[in-house]
Amino acid sequence: MSLDSYISFVIESSGDFLLDCRYTEKTVRCLIFKNIFFTIGTYGFNEGLKNKGFKTFNDIFGLDDSWDKVDELERVTIFTKKLDEFNNKTKEEIEEIYYSEDIQQRLDYNYNLCIKSFNNFETNLINEL
């Protein structure tokens, strides 16, 4: 399904503790399949992604990068509101967003960073041990 998607709404694992940013297959799948993603996770999850070097898409949803630094209930409300908004867009509207030069550059950048991270996985794991 990820190959046929332009946008993915992701619910990440969360204990909702500061600095508890878990990146699971749900987010990685978006990076590998070049989906625009909107992720709800822990407090500050998007900042955690940016600190790892990834480009986010919060601006597409009319939000700044600090949208997820609110309490958990408000994050859920924002997430569901944005999901509803995008479900009401036409395929043409979504394609116009997806194929814009800026978005394609971000998708390619995230893909390359993700692949590079996996290529360095063994080295990084050995260094961590």
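**Salt bridges in a predicted model**

Okay, let's start with one pair: lysine 34 and aspartate 108 make a salt bridge, and their closest N and O atoms sit 2.8 Å apart. Lysine 34 is in the loop between helix 1 (25-32) and strand 2 (36-40), while aspartate 108 is in helix 5 (residues 101-119), so this pair ties together parts that are 74 residues apart in sequence. Both ends are partly exposed: lysine 34 has a relative accessible area of 26%, and aspartate 108 has 31%. Keep in mind that this is a predicted model.

Why can such side chains pair up at all? Side chains of opposite charge can do that when their charged atoms come close.

So how many salt bridges turn up in the whole structure? The search finds 7.

Here's another of them: aspartate 65 with lysine 50, closest N and O atoms 2.4 Å apart. Aspartate 65 lies in the loop between helix 2 (45-51) and helix 3 (72-87), and lysine 50 lies in helix 2, so here the tied parts are 15 residues apart in sequence. Aspartate 65 is partly exposed at 31%, and lysine 50 is partly exposed too, at 39%.

Now look at helix 4 (residues 91-98), where lysine 91 and glutamate 95 are 4 residues apart, about one turn of the helix. Their side chains meet in a salt bridge, 3.8 Å from N to O. Lysine 91 is exposed, at 53%, whereas glutamate 95 is partly exposed, at 24%.

There's also a network: salt bridges with shared partners join Asp59, Asp102 and Arg106.

Last, the cysteines. Cysteine 30 is buried at 4% relative accessible area, and cysteine 114 is buried at 3%. Searching the whole structure for disulfides gives 0.

Methods
Residues numbered from 1 in each chain as written. Predicted model: local features only at pLDDT ≥ 70, side-chain atom pairs only at ≥ 80, totals over all residues. Heavy atoms only, no water. Disulfide = S-S within 2.5 Å. Buried < 20%, exposed > 50% of the residue type's maximum accessible area, 1.4 Å probe, protein only. Salt bridge = Lys/Arg side-chain N within 4 Å of Asp/Glu carboxyl O. Helix = DSSP H or I, 4+ residues; strand = E, 2+ residues; numbered from the N terminus.
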